[in-house]
Amino acid sequence: MYRQLKSTLPAIIAVATLITAAGCGGNSKTASVDSAAKGDSAKKPKFLSQPLITSIYTADPSAHVFNGKIYVYPSHDIDAGIADNDNGDEYAMKDYHVLSMDSIGGKVTDNGVALDVKDVPWASKQMWAPDADFKNGTYYLYFPVRNKEGAFQIGVATGTSPVGPFKAQPEPIKGSFSIDPAVFTDTDGATYMYFGGIWGGQLQKWTTGKYDANGSKTDMGKPDEPALSCKVVKLSKDMLHFDGTPQDVQLVDKDGKPLLTKDHDRRFFEGSFMHKFNNKYYFTYSTGDTHLLCYAIGDKPTGKFVYQGVFLKPVQGWTTHHSIIESKGKWYLFYHDTELSNRNHLRNVKVTELTHNADGSIGLIDPFVK
């Protein structure tokens, strides 16, 4: 969910320019800092869908269906008065709210604070994109947050209700690092976690197996070398630990070659999610600085995954982060943009229908109406 502010960018870049440049498979390294819609009604974008709630700012929506009802676990954006910077300090979220609805298009309820950073013994600040799951009669909330030394790790909290409150474990998950946990339980009952994000997500600071506070701020590796990738690990039966050592998610092109560091339109950046359709595993993720949501398909939950293409064009704002669920026979994409605030760190979650085509591909979604 992290963005990096390019100091050479103008303060306002037209959303239309962003869409044209970054588009499907484009190569834009720029993004809007504020919407060009300000003060110019002719340029106001028409959005495909509307924010689920407007009472608070929300982002990084992780949606799940529990007992036939939809629950969304987003980040809770706040305006902490911190200027945009390369560390992402302006993303100063300090708690989680859980949203719920009986069906898509129905009333959305904000169920209040489910977990606060002050109630996580090992945490310091920045509760970024979470995820959730249900097993063993317990609801599990997985979340990234900086520890006392400033390194992101992943924690887990438990509760008896899908909306919380959740009680955090006293320590982070041993062996965890970076951000954006996404949890997937397969039809055989095995549960896997996908996690990681480069740049502010710190994945590049763990290349030696230990956290290097002075490590690279952006991508690691030479342009023609395989890109840093998401991590995947099986969870223990109690859902509180890793059952093994995290491994790289192998992302390859249709010739079987790894995606490279220089391939900013296709390589992994952050915001992974997994769903299963017709016995195939769909690994979906954000490309970050090119603002695309992409997907790759594999035969196993641990990969490898063959890159297929883009399924969401750039939204208004810098970050893009999502989840995909099936509800009442239809598939839906939850995502975020900045329609409410026109500010990159104050976002709002949305939902739109997602289509799997007959050949297994995902239909391309444009977040704007022409």
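1. A word on burial to start: a residue counts as buried when its relative accessible area is under 20%. Cys294 has a relative accessibility of 0%, so Cys294 is buried. The same reasoning works for Cys230, which is buried because its relative accessibility is 0%. Please keep in mind throughout that this is a predicted model.

2. Staying with cysteines for a moment, how many disulfides does the structure hold? The count is zero. As a reminder, a disulfide is a covalent bond joining the sulfur atoms of two cysteines.

3. Now for the overall picture. The protein chain has 21 strands and one helix. Of its 370 residues, 61% are buried. Among contacts in the chain with a separation of 6 or more, 56% are between residues 24 or more positions apart. The accessible surface of the chain is about 14800 Å², and carbon and sulfur atoms account for 49% of that surface.

4. You may enjoy a look at Trp206, which sits in the loop between strand 11 (191–195) and strand 12 (231–234). Is Trp206 buried or exposed? With a relative accessibility of 16%, Trp206 counts as buried, because the cut-off for burial is under 20%. Beyond its neighbours within four places in sequence, Trp206 makes contact with Ala151, Phe152, Phe177, Ser178 and Tyr211. Ser216 is ten residues away from Trp206 along the chain, and 9.9 Å separates their C-alpha atoms.

5. Next come the open spaces. The largest pocket has a volume of about 360 Å³. Which residues lie nearest the centre of the largest pocket? They are His64, Phe184, Met274, Ile324 and Ile325, out of 16 lining residues. Two or more lining residues come from each of strand 1 (57–66), strand 10 (182–185), strand 15 (270–277) and strand 19 (323–327). Sorted by class, the lining of this pocket contains ten nonpolar residues, three polar and three charged.

6. The second largest pocket has a volume of about 280 Å³. Its lining consists of 18 residues, and those closest to the centre are Ala227, Leu228, Ser229, Asp248 and Val249. By class, eleven residues of this lining are nonpolar, four are polar and three are charged.

7. What about enclosed space? As general background, rolling a probe the size of a water molecule over the atoms shows where empty space is left. Here the count is one cavity of 30 Å³ or more. The largest cavity holds about 60 Å³ of space. Its lining has 13 residues, with Pro130, Pro181, Ala182, Ser272 and His321 closest to the centre.

8. A closer look at that cavity wall brings back two familiar elements. Strand 1 and strand 15 each give at least two residues to the lining of the largest cavity. Which element supplies the largest share of that lining? Strand 1 does, with three residues. By class, the cavity lining divides into six nonpolar, four polar and three charged residues. Strand 1 and strand 15 are also among the elements that give two or more residues to the lining of the largest pocket, so you could view both sites with those strands on display.

Note on methods:
Residues are numbered from 1 along each chain as its sequence is written. This is a predicted model: local features need pLDDT of at least 70, side-chain atom pairs count only at pLDDT 80 or more; totals for chains, interfaces and linings use all residues. Side-chain values use heavy atoms; hydrogens and water are left out. A disulfide is a pair of cysteine sulfur atoms within 2.5 Å. Buried means under 20% relative accessible area, exposed over 50%, partly exposed in between (1.4 Å probe, protein chains only). Helices (H or I, at least four residues) and strands (E, at least two) are DSSP runs, numbered from the N terminus. Contact means heavy atoms within 4.5 Å. Accessible areas come from the Shrake-Rupley method with a 1.4 Å probe; for residues, only the protein chains shown count as cover. On a 1 Å grid over the protein atoms alone, a cavity is a set of points where a 1.4 Å probe fits but cannot get out, and a pocket is an open set with protein on both sides within 12 Å along at least five of seven lines; lining residues have an atom within 4 Å of a point. Grid points are joined across faces, edges and corners, and a volume is the space filled by probe spheres set on the points. Ala, Val, Leu, Ile, Met, Phe, Trp, Tyr, Cys and Pro count as nonpolar, Asp, Glu, Lys and Arg as charged, and the others, Gly among them, as polar.
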